[in-house]
Amino acid sequence: MTSATAAHGRTRPPDTSVAVHQTPATRVLIGGGACGLAHEEAARLGARRVLLVAAPSAAVAADRVADALGPRLAARFDRPAPHTPVTVTAEAMEVVGSTSADCVVAIGGGSAIGLAKALSARTGMPQVAVPTTYAGSEATPVLGETEDGVKTTRRDPALAPGTVVYDPGLTLTMPPGLTRTSAVNALAHAVEALWAPDATRFTDALATEAADGILGALPEVLDDPSGPEPRGRLQSAAWLAGTCLAQTRMGLHHQLAHVLGGAFDLPHAELHTVLLAHVMAFNLPAAPEAAARLARAADGDPVAAVSGLARGYDGPTALSDLGVPRSGLRDIAERVAAKPYPNPREPTVDGVADLLDRMY
Ligand code: NAD
């Protein structure tokens, strides 16, 4: 263990080495009514023919953007799917081709935004992302795509949307369950950034503020889901959390989400909510600085705070509820331990198997 590891609970270069911090070149609008400016943002990116990708849940907001685009609306595509299946992207590419679209505006959760990234990856089209959940994909240069049940991920600065429009008004329709699981999904980005080996002062500050904002605002939003002010704070905190995800390497939490999600086709935000408190209990003893920051954010035991949020969900709260077979857990542990993401505590096969058993 290096002295830096001992001091920070993470494998960070000693203070004399050079830290590299790269911020994606994304323009961000944030505030009530911001969605009304999405058409202007598309024009700013040079759009003449816009493909509007919208989740069905965002149809009303998409109607308004379509009206504002007027003749610059080339087409609409309203069938984004989780984990960006290449078959769905191929259908949307046909629309791009037949309408000569030169820009994509995506309104919805991570599924709509993932589709916009996939189209941009194939065409170079600029993107305006208008997120309606807290998943954070809009803040990252990462695209995960699924083909024949296998998910592959690529990272390229060109994949990050040129403009992100955060309008808290679009999050008011999130049902309480989605609000809870999507916010815990965002919290996971901040938590993993705090124990990442490539964390910097910048990401520590972002992640701490994100965790503080999510843990503070989420209970208020769950008490009053239609209150715009706490919704705005929660969305801002989720923005910071997504930015952390873009700038640090993921650890055991995201690895388990990827391996379990891929193996058993599990719902993204619900899975994150089942995993997070357990991974925190596993990792935080080996990441004292992250533990201290999270204890301040939670105003107490962060594992208890997150576990309380997870237990309050009226959907699946354990791997067994998600339909994961107990017999498959050992294989997952072996896959994780064979090629671990960087993590403050070594994920041995037995250690991960035990962790999965508790999640089960
Ligand atoms: P999602 O986009 O699939 O949305 C989940 C459900 O909620 C959908 O039915 C959607 O229509 C509905 N919904 C969305 N916003 C709503 C709102 N405001 N009101 C009511 N209903 C609403 O799920 P998600 O959790 O937002 O995103 C998950 C996807 O994003 C996964 O495919 C995941 O892999 C991807 N993701 C990618 C990254 C990245 O960096 N590439 C980061 C995070 C998530």
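Here is a quick look at how helix α6 packs against two other helices, followed by the nonpolar cores. Keep in mind that this is a predicted model.

The two helix pairs line up like this:

| Pair | Angle | Axis separation |
|---|---|---|
| α6 (residues 176-194) and α8 (residues 228-247) | about 40° | 8 Å |
| α6 and α9 (residues 252-264) | about 135° | 9 Å |

Take α8 to start with. At about 40°, α6 counts as oblique to α8, because angles under 35 degrees would be needed for roughly parallel. The crossing of α6 past α8 is left-handed. On the α6 side, the contact is made by Thr179, Ala183, Ala186, His189, Ala190 and Ala193. Facing them from α8 are Arg231, Leu234, Ala238, Ala241, Gly242, Cys244 and Leu245. Sorted by class, that contact comes to nine nonpolar, three polar and one charged residues.

Now for α9. With an angle of about 135°, α6 is oblique to α9 as well, since roughly antiparallel would take an angle over 145. Here Ala188, His189 and Glu192 of α6 touch Leu252, His253 and His254 of α9. The class tally for this contact is two nonpolar, three polar and one charged residues. His189 turns up in the α6 contact with α8 and again in the one with α9.

On to the cores. The largest nonpolar core holds 60 residues, and Leu256, Leu260, Leu275, Leu319 and Leu356 have the most contacts inside it. Looking beyond four places in sequence, Leu256 contacts Gly261, Leu275, Val279, Ile332, Val336, Val352, Leu355, Leu356 and Met359. There is also a second, separate core of 21 residues, with Ala38, Ala42, Ala61 and Ala66 among them.

Definitions and conventions:
Residues are numbered from 1 along each chain as its sequence is written. This is a predicted model: local features need pLDDT of at least 70, side-chain atom pairs count only at pLDDT 80 or more; totals for chains, interfaces and linings use all residues. Side-chain values use heavy atoms; hydrogens and water are left out. Axes are lines fitted to C-alpha atoms, for helices over the stretch in contact, and angles run from 0 to 180 degrees between N-to-C directions. Helices (H or I, at least four residues) and strands (E, at least two) are DSSP runs, numbered from the N terminus. Angles under 35 degrees count as roughly parallel, over 145 as roughly antiparallel, 65 to 115 as roughly perpendicular and the rest as oblique. A crossing is left-handed if the near helix is turned anticlockwise from the far one by less than a right angle, and right-handed if clockwise. Contact means heavy atoms within 4.5 Å. Ala, Val, Leu, Ile, Met, Phe, Trp, Tyr, Cys and Pro count as nonpolar, Asp, Glu, Lys and Arg as charged, and the others, Gly among them, as polar. A nonpolar core is a set of buried Ala, Val, Leu, Ile, Met, Phe, Trp, Tyr and Cys residues joined through side-chain atoms within 4.5 Å. Buried means under 20% relative accessible area, exposed over 50%, partly exposed in between (1.4 Å probe, protein chains only).
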